[in-house]
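Here is a protein chain to walk through at an easy pace. Have the sequence and the model open side by side, and look from one to the other as you read.

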Amino acid sequence: MVTETTDKTFEQDTSKGVTLTDFWATWCGPCRMQSPVVDQLSEEMGDKVTFNKMDVDQNQATPQKFGIMSIPTLLVKKDGKVVDSIVGYHSKEQLAKILDQYVN
């Protein structure tokens, strides 16, 4: 399951284990393509990875803090530290391969 995160909850939501946060906006075409891929991955890898999404229009502090200039951006954190930043649309296979490096 993909959980909505906000500026207020982001640090707590991404502090433990491996997390992937999808930074998106409703008006962003590639974001709308990426979202179902993240949903599918959360069903398959949800026992190993926590999946979040953040609307950058409603939450501007966190994207600014991490220098996110383009969306979709997928931020991967492990135990609260950023380990990867993926910009643009990526397939389920590409994302699974990236996440596998941090969970295994």
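What follows goes from the sheet to the helices, then to the interior, two annotated residues and the charged pairs.

One thing to keep in mind is that you're looking at a predicted model. A good place to begin is the sheet. It is open, has 5 strands in the order 1-3-2-4-5, and its pairing is mixed. The strands at the edges are strand 1 (2–4) and strand 5 (81–87), each of which pairs on one side only. If you look along the sheet, neighbouring strands are turned against each other by 25° on average, ignoring direction. As for what holds such an arrangement together, strands of a sheet pair through backbone hydrogen bonds, either parallel or antiparallel.

Now zoom in on strand 4, which covers residues 73–78 and pairs with strand 5 in the antiparallel sense over 6 bridges. You can follow that pairing residue by residue: T73 has V87 of strand 5 as its bridge partner, and K78 is matched with K81 of strand 5. The two strands form a hairpin with 2 residues between them, and there D79 takes a positive phi near 50°. Strand 4 also pairs with strand 2, again in the antiparallel sense and over 6 bridges. Here L20 has V76 of strand 4 as its bridge partner. How much of strand 4 is buried? The count is 5 of its 6 residues, so the strand is largely enclosed by the rest of the structure.

Next come the helices that lie against this sheet. Helix 2 (residues 29–45) packs on the sheet and touches strand 1, strand 2 (18–24), strand 3 (49–55) and strand 4. The direction of helix 2 makes about 155° with that of strand 3. Helix 4 (residues 92–103) packs on the sheet too, touching strand 2, strand 3, strand 4 and strand 5. For helix 4, the direction makes about 170° with that of strand 5.

What sits inside? The largest nonpolar core has 17 residues, and the ones with the most contacts within it are L20, L41, M45, V49, F51, V76 and L99. Strand 2, helix 2, strand 3, strand 4 and helix 4 each supply at least two residues of this core. Helix 4 gives the most, with 5 residues. To get a feel for the surroundings, click on F51: beyond the residues up to four places away in sequence, F51 touches a list of residues including M1, V2, L20, V38, L41, M45 and L99. Apart from this core lies another one, made of 10 residues, among them F10, A25, I68 and L75.

Two cysteines deserve a stop of their own. In an unreviewed entry, UniProt lists C28 and C31 for "active site". C28 is in the loop between strand 2 and helix 2, while C31 is found in helix 2. Are they buried or exposed? C28 has a relative accessible area of 4%, so C28 is buried. C31 is buried as well, with a relative accessible area of 2%. Leaving aside residues up to four places away in sequence, C28 touches I71 and P72. On the same basis, C31 is in contact with F23, W24, A25, I71 and P72.

Finally, have a look at the charges. Side chains of opposite charge can pair when their charged atoms come close. The whole structure has 3 salt bridges. E11 forms one with K65, where the closest N and O atoms are 3.0 Å apart. E11 lies in helix 1 (residues 10–13) and K65 in helix 3 (residues 61–65), so this pair ties together parts that are 54 residues apart in sequence. E11 is partly exposed, at 37% relative accessible area, and K65 counts as exposed at 58%.

E11 also forms a salt bridge with K77, at 3.4 Å between the closest N and O atoms. That pair links helix 1 to strand 4, across 66 residues. K77 counts as buried, at 2% relative accessibility. The remaining salt bridge joins the side chains of K92 and E44, at 2.7 Å from N to O. K92 is in helix 4 and E44 in helix 2, 48 residues apart. Through shared partners, E11, K65 and K77 are joined into one network.

Conventions. Residues are numbered from 1 along each chain as its sequence is written. This is a predicted model: local features need pLDDT of at least 70, side-chain atom pairs count only at pLDDT 80 or more; totals for chains, interfaces and linings use all residues. Side-chain values use heavy atoms; hydrogens and water are left out. Two strands pair if DSSP finds at least two bridges between them. Helices (H or I, at least four residues) and strands (E, at least two) are DSSP runs, numbered from the N terminus. Axes are lines fitted to C-alpha atoms, for helices over the stretch in contact, and angles run from 0 to 180 degrees between N-to-C directions. Contact means heavy atoms within 4.5 Å. UniProt positions are given in the numbering used here, feature names are shortened, and annotations may be inferred rather than shown by experiment. Buried means under 20% relative accessible area, exposed over 50%, partly exposed in between (1.4 Å probe, protein chains only). A nonpolar core is a set of buried Ala, Val, Leu, Ile, Met, Phe, Trp, Tyr and Cys residues joined through side-chain atoms within 4.5 Å. A salt bridge is a side-chain nitrogen of Lys or Arg within 4 Å of a carboxyl oxygen of Asp or Glu.
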